[in-house]
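User: I keep meeting words such as "buried" and "oblique". Please take me through this protein and tie each word to its cut-off.

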Amino acid sequence: MRIIFVGLPGSGKTTIGRQLARRLGLPFVDSDHVIEYRLGCAIREFFAREGEDRFRDVEQQVLDDLSRTHQGVIATGGGAVLREVNRQHLHERGQVIYLRSTPEDVFRRVRHDHARPLLQVDDPLKRLQDLYDIRDPLYREVAHFVIETGRPSVATLVNMIVMQLELAGHWTANAPAMDADPAPPFTPAAGP
C-alpha cells in the first residue's frame with residue numbers, strides 16, 4: 001500500500017502522515033528529507049544557490065523513485081504537484097490525499113518557521129494565497145481524497161483518513177497490526 005500526502009507547505013503532511021503511518025503500521029518517509037539527503041544540504045540553501053527549477057528537477061527524480069519503491073506513507077513537498085509528470089506518477093502509483101488548508105490556517109501554523117524558502121518574503125500570507133490559487137486545482141487533480149484540515153486535532157484527521165480509506169476499500173479495520181516500525185528506515189539512493 002502506498003498513501004501519498006499533498007498540500008500547501010504547512011498543511012500538516014509530515015505530521016499527519018507520520019501519525020497515519022504509525023496507526024496503520026506502515027513505514028513513513030518525507031520526500032523533502034530524502035531530497036536533503038541526496039543534496040547534502042538543506043533545501044533552503046540549495047534553493048538559494050541553484051534556484052527553483054533545479055530544485056524541481058531533483059524533486060521530480062525523488063518523487064519518481066519514492067512513488068515506485070516506497071511501500072507505506074509518503075509526505076511530499078508543497079510544490080510536488082507543479083510538474084505534470086509528478087501528478088501523473090503520484091496519482092497512478094498510490095492513494096493521494098490532499099490535506100486542504102486555507103492560506104490563513106497555514107499562515108497561523110507556520111508564521112514563525114524560517115525553514116520554508118517560498119515563504120521567506122515580505123508578505124507570507126499573500127504568498128500563501130497566491131500559492132493556493134495556483135496549486136489548489138493541481139492538488140485536486142491528483143487527489144483521490146480531499147481532507148479539509150481546518151482546526152481538528154491530528155488524531156481526528158487521522159481517524160477521518162482511516163475512515164475514508166476503509167470506505168473506499170483501501171484499508172481494512174481488521175488488517176493485522178504491525179509494529180510501529182515494520183520496515184527499516186528508507187535509505188535514499190546517493191546522488192542528486
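Analyst: Let us start with helix H6, residues 103–110, where Pro103, Asp105, Val106 and Val110 are buried. Buried means under 20% relative accessible area, exposed means over 50%, and partly exposed lies in between (1.4 Å probe, protein chains only). The model is predicted: local features need pLDDT of at least 70, side-chain atom pairs count only at pLDDT 80 or more, and totals for chains, interfaces and linings use all residues. Residues are numbered from 1 along each chain as its sequence is written, and side-chain values use heavy atoms, with hydrogens and water left out.

User: Why are the buried residues of H6 said to line one face of the helix?

Analyst: Look down the axis of H6: the buried residues fall within an arc of 160 degrees, so they line one face. The arc is that of the directions from the helix axis to the C-beta atoms. Helix H7 (124–142) is included in what covers them.

User: What makes a stretch a helix or a strand?

Analyst: Both are DSSP runs, numbered from the N terminus: helices are H or I with at least four residues, strands are E with at least two. The protein has 8 helices and 5 strands. Their pattern along the sequence is β-α-β-α-α-α-β-α-β-α-α-β-α.

User: Why is Asn86 called buried?

Analyst: Its relative accessible area is 2%. The limit is under 20%. Therefore Asn86 counts as buried. Asn86 lies in helix H5, residues 84–93. Leaving out residues up to four places away in sequence, Asn86 touches Glu59, Gln60, Leu63 and Ala80. Contact means heavy atoms within 4.5 Å.

User: Why is H3 called oblique to H4?

Analyst: The axes of H3 (residues 43–50) and H4 (residues 52–69) cross at roughly 130 degrees and come within 7 Å. Angles under 35 degrees count as roughly parallel, over 145 as roughly antiparallel, 65 to 115 as roughly perpendicular, and the rest as oblique. The crossing angle therefore makes H3 oblique to H4. Axes are lines fitted to C-alpha atoms, for helices over the stretch in contact, and angles run from 0 to 180 degrees between N-to-C directions.

User: Which residues meet there?

Analyst: Ile43, Phe46, Phe47 and Glu50 in H3 meet Glu52, Arg54, Phe55 and Val58 in H4. These divide into 5 nonpolar, no polar and 3 charged. Nonpolar covers Ala, Val, Leu, Ile, Met, Phe, Trp, Tyr, Cys and Pro; charged covers Asp, Glu, Lys and Arg; the others, Gly among them, are polar.
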